[in-house]
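I opened the model today to follow a few residues through it. My notes are below, in the order I looked things up.

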Amino acid sequence: MPSPTYPLLRFGSFGQAVQLLQKALNLGPSTRSKLTPDAQFGPKTHSRVQEFQGQKNLTRDGVVGPVTWGALTPFIDALQQIANQTVPAPDEQQQRQRIVDVATAALQTFGWGSSTPSPDGSARICAARGYGPVVMGKRARQGGPALASIYTIAGTSAALCLHITTEMETVYQQNPATHPDRRNKINQNDIGSWCGIFATYCYKSSGLNVTWDEVRTQSSVKFEKVLPNARVKKGDIGVYDPMVNHHFIVKEDSEPGARVYSIDGNVGNPSEMVVTPWNSVVAERFYLRTTLASKGGLFLRPKLTAMV
């Protein structure tokens, strides 16, 4: 399907395309207040466009043409996902399917279908990898705008998503066995482990009212805790090893058995010693219940009536 063609916009423009522009810009990281989507291209919209163009190393002329629209594509796609997913589900089964549908759409849009890298600057996320020239010790992060949209929709700060320092690229390549401080450096100096933020994004985009802090703290108001040997339902959030605190979305209902299938954000390369497309990505996985149990893992079952 060909990409939609958007009109050329500049100061003084008005209409639905301007409103779309304002909503898309609001999903990106910014030092400015969010725009009111009033469909009027005024001074605040002009300044925000210039800021966005600067973030993308584009000409900061405040004119929204094909190149700027192209850079906004991940945010426009995210808006479309929200529009498709936020209609209240009539029952629990359909709401759970919504969560999985959002995760699946993110996998298809932001994940990797093979070990062959997509072109630098694509929407596909490889959060441990930068591309392009080094500017003041930083490079553009692979899939940075897409990752920023996930953080923004989840309600967390996206300030570090667009770029990665060359120092942190080196840290991501370190072997955890010989660099025990590696995880702390990632959490303190970079975007951290965004698996739970991805899970929150899937819930928020499916129309549920929940925060990353409520997921992180396993809020008893919003979630019921389920042991690994019990039946799990699609849309539950798995927690692998509380010490690591890795979160994932359960892809399908599963009776007590060997495996639980999932869609995860922030999946790393098993060796984590070489930056490949499989470092810090969106991917499908499965977990052995015996391993979850041995690690002290569990599942968070949403109390859907508390998330309306």
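Is Ser280 buried or exposed? I kept in mind that this is a predicted model. I looked up the relative accessibility of Ser280 and found 4%. The cut-off for buried is under 20%, so Ser280 counts as buried.

**Entry 1: around Ser280**

I placed Ser280 in the loop that runs between strand E7 (259-267) and strand E8 (281-288). I then checked its side chain for polar partners. One polar contact, at 2.8 Å, goes to the side chain of Trp194. Another, at 2.7 Å, goes to the side chain of Asn266. I also listed the residues in contact with Ser280, leaving aside neighbours within four places in sequence: Ile125, Cys126, Ala127, Ala128, Trp194, Asn266, Val267 and Gly268.

**Entry 2: the sheet with E1**

Cys126 from that list led me to strand E1 (126-135). I looked up its sheet and found it open, with three strands in the order E1-E2-E3 and antiparallel pairing. E1 and strand E3 (163-165) are the edge strands, each pairing on one side only. On average, neighbouring strands here are turned by 45° against each other, direction ignored. For the pair formed by E1 and strand E2 (residues 138-142), I noted four bridges in the antiparallel sense. Within E2, Arg141 is the residue that stands opposite Gly130.

**Entry 3: helix H9**

Next I turned to helix H9 (residues 195-205). How many of its eleven residues are buried? I found ten, and noted the helix as mostly covered. The buried residues are Cys195, Gly196, Ile197, Phe198, Ala199, Thr200, Tyr201, Cys202, Tyr203 and Ser205. After H9 comes Gly207, for which I read a positive phi, near 100°.

**Entry 4: the cores**

Which residues touch the most other members of the largest nonpolar core? This core has 64 residues, and I wrote down Leu21, Leu72, Trp194, Phe198, Tyr201 and Tyr203. Trp194 had already come up as a polar partner of Ser280. Helix H6 (residues 144-154) gives the most to this core, with seven residues. I followed Tyr201 further: not counting residues up to four places away in sequence, it touches Gln81, Val102, Ala106, Phe110, Ile150, Ile153 and Ala154. I also found a second, separate core of eight residues, including Val226, Val232, Tyr287 and Leu292.

Terms used: Residues are numbered from 1 along each chain as its sequence is written. This is a predicted model: local features need pLDDT of at least 70, side-chain atom pairs count only at pLDDT 80 or more; totals for chains, interfaces and linings use all residues. Side-chain values use heavy atoms; hydrogens and water are left out. Two strands pair if DSSP finds at least two bridges between them. Helices (H or I, at least four residues) and strands (E, at least two) are DSSP runs, numbered from the N terminus. Axes are lines fitted to C-alpha atoms, for helices over the stretch in contact, and angles run from 0 to 180 degrees between N-to-C directions. Buried means under 20% relative accessible area, exposed over 50%, partly exposed in between (1.4 Å probe, protein chains only). A polar contact is a pair of N or O atoms within 3.5 Å; within protein, one must be able to donate a hydrogen and the other to accept it, and residues adjacent in sequence count only if both atoms are side-chain atoms. Contact means heavy atoms within 4.5 Å. A nonpolar core is a set of buried Ala, Val, Leu, Ile, Met, Phe, Trp, Tyr and Cys residues joined through side-chain atoms within 4.5 Å.
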